[in-house]
Amino acid sequence: MKMTLMQHFTELRKRILWCAFVFLLSFAFGWVVSDYVELFLSAPLMNVWDDAALLYTEISDGLMIQFSLATLVALIVTVPVFMWNVWAYIAPGLHKNEKQFLIPIFLFSPLLFVMGAAFAFYILFPFVFKFFIELNESASIPTVLLPSVKGYLAFAIGMLKVFGIAFQLPLVLVGLNRVGLLSKRSAIKSRRYVIIGVFVLAAMLTPPDILSQILLAVPMLLLFEISLLFMRD
């Protein structure tokens, strides 16, 4: 049954209000559990640093960090709800082939993001943090390492986002292939340029050490090869 323009606006308004309600509710929950979130995000650093200590540099740091972590929790909870509402709103007006194209994006995009963030958290972080701590502690002059809580959390969350976005590569490549903008043969021929581009991108997005760059570049190259398996000739 076709809906009138006013009915479309009414449904859109309901879905926006629902997403806003979920965001506010999850923000309140995030505010309560922000200490546990901070401990969880700090664990990779604390596990490889014997004399671990993070610094508050401003009197308002505690409040601002709690606000940021509550917002992070709210986004993690709300984004899937938002994506579901977007799909539920647009799906009735889509053709069968359009649904077949969009369904994998809505299903696999969050999954790939979580996989990328998990890879960064459990694989990259221990290596990178241990490298930087040992580098600072081996300085030729006496040093005291006191990173700020705000700086550490900004770095950690930023890296989680970078890896989550980088792991979207298969969706991008397969999507371009399905709409006819990238053939499998062209992708295979471009492999050498992809390898160079991936390492350049990894150098731009990760800390300035070769280990971090390799730990981002290698999974992206593997994802590129996996993408070829799902591309049409």
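User: Is Ile214 buried or exposed, and how do I read its relative accessible area?

Analyst: The general idea is a pair of cut-offs: under 20% relative accessible area is buried, over 50% is exposed, and partly exposed lies in between. In this predicted model, Ile214 has a relative accessible area of 35%, so Ile214 is partly exposed. You will find Ile214 in helix H9.

User: Where does Leu222 lie, and how does its accessibility count?

Analyst: Leu222 is also a residue of helix H9. Its relative accessibility is 52%, and therefore Leu222 counts as exposed.

User: Which residues make the nonpolar surface patch?

Analyst: Ile214 and Leu222 are two of its members, together with Ile195, Phe199, Ile210 and Val218, and the patch covers about 500 Å². Helix H8 (191-205) and helix H9 (210-229) each supply at least two of the patch residues.

User: Which helix gives the most to that patch?

Analyst: H9 does, with 4 residues. Here a general point helps: an α-helix has 3.6 residues a turn, so residues three or four places apart point the same way. With that in mind, look along H9 at Ile210, Ile214, Val218 and Leu222 in the patch.

User: How far is Leu222 from Pro170?

Analyst: Along the chain they are 52 residues apart, while their C-alpha atoms are separated by 9.8 Å. Pro170 takes us to another helix, since H6 covers residues 169-178.

User: How many residues of H6 are buried?

Analyst: Counting buried residues tells you how covered a helix is. For H6 the count is 7 of its 10 residues, which makes this helix mostly covered. The buried ones are Leu169, Pro170, Leu171, Leu173, Val174, Gly175 and Asn177.

User: What do the buried residues of H6 pack against?

Analyst: Their partners are helix H4 (96-137), helix H5 (149-166), helix H7 (184-189) and H9. After H6 comes Gly180, with a positive phi near 85°.

User: What is Ser109 in contact with, once its neighbours within four places in sequence are left aside?

Analyst: For a question like this, a contact is heavy atoms within 4.5 Å. Ser109, a residue of helix H4, is in contact with Pro104, Gln168 and Leu171. Leu171 is one of the buried residues of H6. Ser109 is itself buried, because its relative accessible area is 18% and the cut-off is under 20%.

User: Now for charge. Which residues gather in the patch of negative charge on the surface?

Analyst: That patch brings together Asp50, Asp51, Glu134 and Glu137. Asp51 sits in the loop between helix H2 (34-46) and helix H3 (61-90). With 62% relative accessibility, Asp51 counts as exposed.

User: How far apart are the mean positions of the positive and negative charges of the whole protein?

Analyst: The mean position of the 16 positive charges and that of the 13 negative charges are 24 Å apart.

User: Let me step back to the overall fold. How many helices and strands are there?

Analyst: The protein has 9 helices and 0 strands. Its C-alpha trace spans about 75 × 50 × 20 Å along the principal axes. Of the 233 residues, 33% are buried. The accessible surface comes to about 14900 Å², and carbon and sulfur atoms account for 72% of that surface.

User: What share of the contacts join residues at least 24 apart?

Analyst: Among contacts between residues at least 6 apart in sequence, the share is 82%. You have already met one contact from a different helix in Ser109 of H4, which touches Leu171 of H6.

How values were computed. Residues are numbered from 1 along each chain as its sequence is written. This is a predicted model: local features need pLDDT of at least 70, side-chain atom pairs count only at pLDDT 80 or more; totals for chains, interfaces and linings use all residues. Side-chain values use heavy atoms; hydrogens and water are left out. Buried means under 20% relative accessible area, exposed over 50%, partly exposed in between (1.4 Å probe, protein chains only). Accessible areas come from the Shrake-Rupley method with a 1.4 Å probe; for residues, only the protein chains shown count as cover. Lys and Arg count as positive and Asp and Glu as negative; His and the chain ends are not counted. The place of a charge is taken as NZ of Lys, CZ of Arg, CG of Asp or CD of Glu. Patches are made of residues with over 30% relative accessible area and no salt bridge: like charges are joined within 9 Å, nonpolar side chains (Val, Leu, Ile, Met, Phe, Trp, Tyr) within 5 Å. A salt bridge is a side-chain nitrogen of Lys or Arg within 4 Å of a carboxyl oxygen of Asp or Glu.
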